[in-house]
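Student: I have a structure in front of me that I have not seen before, and I would like to learn how to read it step by step. Could you guide me through it?

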Amino acid sequence: MTELLRNSLDDRIAEPTPALGTLERGEPIQVFAAPPGTPAKPRIARAEGIYMWDTDGRRYVDAGSGPVACNIGYGNRRVLAALQTQAAAAAFANPASFESAANRLFAERLAVAAGPGYERVFVVSGGSEANEAAIKLARQMAVARGEAARWKVVSRQPSYHGGTLGALSVTGDPTAHELFGPLMKPMPKVPAPVTYRIPPGFDQESWAEHCAEVLERTILDEGPETVLAFIQEPVGGLATGALVPHAAYMRRVREICTRHGVMLIHDEVMSGGGRTGAFLSHEHWPDCRPDLVVLAKGAGAGYFPLGVVLAPRDRVAEVASGGGFMHGHTAFGNPLACAVGLAVLDETLDNGLVGNAAEQGGRLRARLDDLMARSPIVGDVRGKGLLLAVELVADKATKTPFPPSAVAGATLARVAMEQGLILYQRRTNAGRDGDWVMVAPPLIATAGEIDMIADGIASAVAETARRLGAA
Ligand SMILES: Cc1ncc(COP(=O)(O)O)c(C=O)c1O
């Protein structure tokens, strides 16, 4: 193997955070990411398991897995070895000229883990890219069957499917559409089957039924012959705060899509790969199997940019015989990405991390439910496995959120960070739909670590209530 040489980063990686750190002072990293005056972030020194250390030696517990991505924790030896082995062998090989063992093995093992119906694997560099690829693949699949009039992709409001323009066009976030709408083709949106702030006159089940009816009515109004696909996050991510739809909704969604020849795409960028206590979330709803599945965060676990589209063999064959999938990127099928994907998959399956997500998710959920019962500002706890969210409210009886200006979720995340606990938080639709933080530790978390995280959240929630004047 090629010997790794020292490089110019070696001496600097443990350098302390510079005293200067605001935009005015010229921190280049923050120019795009933060408004002027934003304090500098701590600088990462190293990370191991569920822990991270900054260059001042402070330890943090990562209860968000970064942006719900680092599913197998940090510093995993098998993944680091796979990266090194593949990088030394061939860091890149143009898929137009070569196949790679990493790509082939990853695709084969992922297809086995996904189960029948998902035998074909297309590898790209992230979640948005994978959703774009899934939409273009669905379009080509329809055209291959002589249904060229199908192009509309229906999605939920709210939802998140990515930041690139195609993925953003199906993302349900009015604030983002206000800004970027003119750049995109409008796509039909239907209400999400929310389970907490249900509109008056409905209960959870009847709202779920209603949302499914709206989906069908939308398809009929648009003209079923023009509707290509319905894309949904089976277990929600940040946009809904880990929404778990009622079973009645999922069953009816599948029936409606089948009835109208609409492809069902499951965006499992955040939920897939074991996080919800199943390798793919549709295992929780066996009568709602999607036609295409998109994975990303759980597939690369933060070690390398990686996104995947899983598709059925026969439908891909139809596209192939029509000339092949007309889509690609420089980094598609990238050997390093595939080597990482393979190692992450092996770690997940060999170490029983899917089962651990279910078990520790249950433990964490019980602790958060207990917190909800005691705290004046925790209005709801939802999710599945280790994909959980805590919603904050100003008034539990009326479910009234804090005003958006209170930035309640961001306050909780900041307080937690001050106390050494990292939670993932970002607002959709400027906080108009409510405020929550994701609680999603790596799937390797032990019972003791889960208890430590639950204690940390309880302490951060209490301090947040005090700062928001609700204690
Ligand atoms: C459900 C979902 N879809 C798509 C994306 C976009 O993925 P990426 O940021 O890798 O482009 C995300 C990212 O958070 C996501 O949570």
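Tutor: We will go from the whole protein to the ligand site, and then to one residue in a helix. Please keep in mind that this is a predicted model.

Student: How many helices and strands does the protein have?

Tutor: Counting these elements gives a first inventory of a fold, and here the protein has 14 helices and 14 strands. The radius of gyration is 22 Å, close to the 23 Å that the globule rule gives for 471 residues, so the protein is as compact as a globular protein of that length. Along the principal axes, the C-alpha atoms fill a box of roughly 65 × 60 × 45 Å.

Student: What share of the residues counts as buried, and what share of the contacts joins residues at least 24 apart?

Tutor: The two shares describe the interior and the way the chain meets itself. Of the 471 residues, 53% count as buried, and among contacts between residues at least 6 apart in sequence, 72% join residues at least 24 apart. The accessible surface comes to about 19900 Å², and 57% of it belongs to carbon and sulfur atoms.

Student: Which residues are around the ligand, and which helix gives the most to that shell?

Tutor: A ligand site can be read as a list of residues, and then by element and by class. The residues around the ligand include Gly-126, Gly-127, Ser-128, Tyr-160, Asp-267 and Lys-297. Helix α4, which covers residues 127-144, gives the most to the shell, with 3 residues, and by class the shell has 3 nonpolar, 6 polar and 3 charged residues.

Student: Which atoms of Ser-128, Asp-267 and Tyr-160 lie at a listed distance from the ligand?

Tutor: Here one should separate side chain from backbone. A polar side-chain atom of Ser-128 lies 2.5 Å from an oxygen atom of the ligand, while a polar side-chain atom of Asp-267 lies 2.7 Å from a ligand nitrogen atom. For Tyr-160, a backbone N or O atom lies 3.4 Å from a nitrogen atom of the ligand. Taken alone the ligand exposes 390 Å², and the protein buries 80% of that.

Student: To finish with a single residue, is Ala-416 buried or exposed?

Tutor: Ala-416, which lies in helix α13 (residues 408-418), has a relative accessible area of 0%, and because buried means under 20%, Ala-416 is buried. Leaving aside neighbours within four places in sequence, Ala-416 is in contact with Leu-421, Leu-423 and Ala-460. Ala-416 and Ile-457 are 41 residues apart in sequence, yet their C-alpha atoms are 7.0 Å apart in space.

Methods. Residues are numbered from 1 along each chain as its sequence is written. This is a predicted model: local features need pLDDT of at least 70, side-chain atom pairs count only at pLDDT 80 or more; totals for chains, interfaces and linings use all residues. Side-chain values use heavy atoms; hydrogens and water are left out. A residue is near a molecule or strand if one of its heavy atoms lies within 4 Å of it. A polar contact is a pair of N or O atoms within 3.5 Å; within protein, one must be able to donate a hydrogen and the other to accept it, and residues adjacent in sequence count only if both atoms are side-chain atoms. Accessible areas come from the Shrake-Rupley method with a 1.4 Å probe; for residues, only the protein chains shown count as cover. Helices (H or I, at least four residues) and strands (E, at least two) are DSSP runs, numbered from the N terminus. Ala, Val, Leu, Ile, Met, Phe, Trp, Tyr, Cys and Pro count as nonpolar, Asp, Glu, Lys and Arg as charged, and the others, Gly among them, as polar. The radius of gyration is taken over C-alpha atoms; the globule rule is 2.2 Å times the number of residues to the power 0.38. Buried means under 20% relative accessible area, exposed over 50%, partly exposed in between (1.4 Å probe, protein chains only). Contact means heavy atoms within 4.5 Å.
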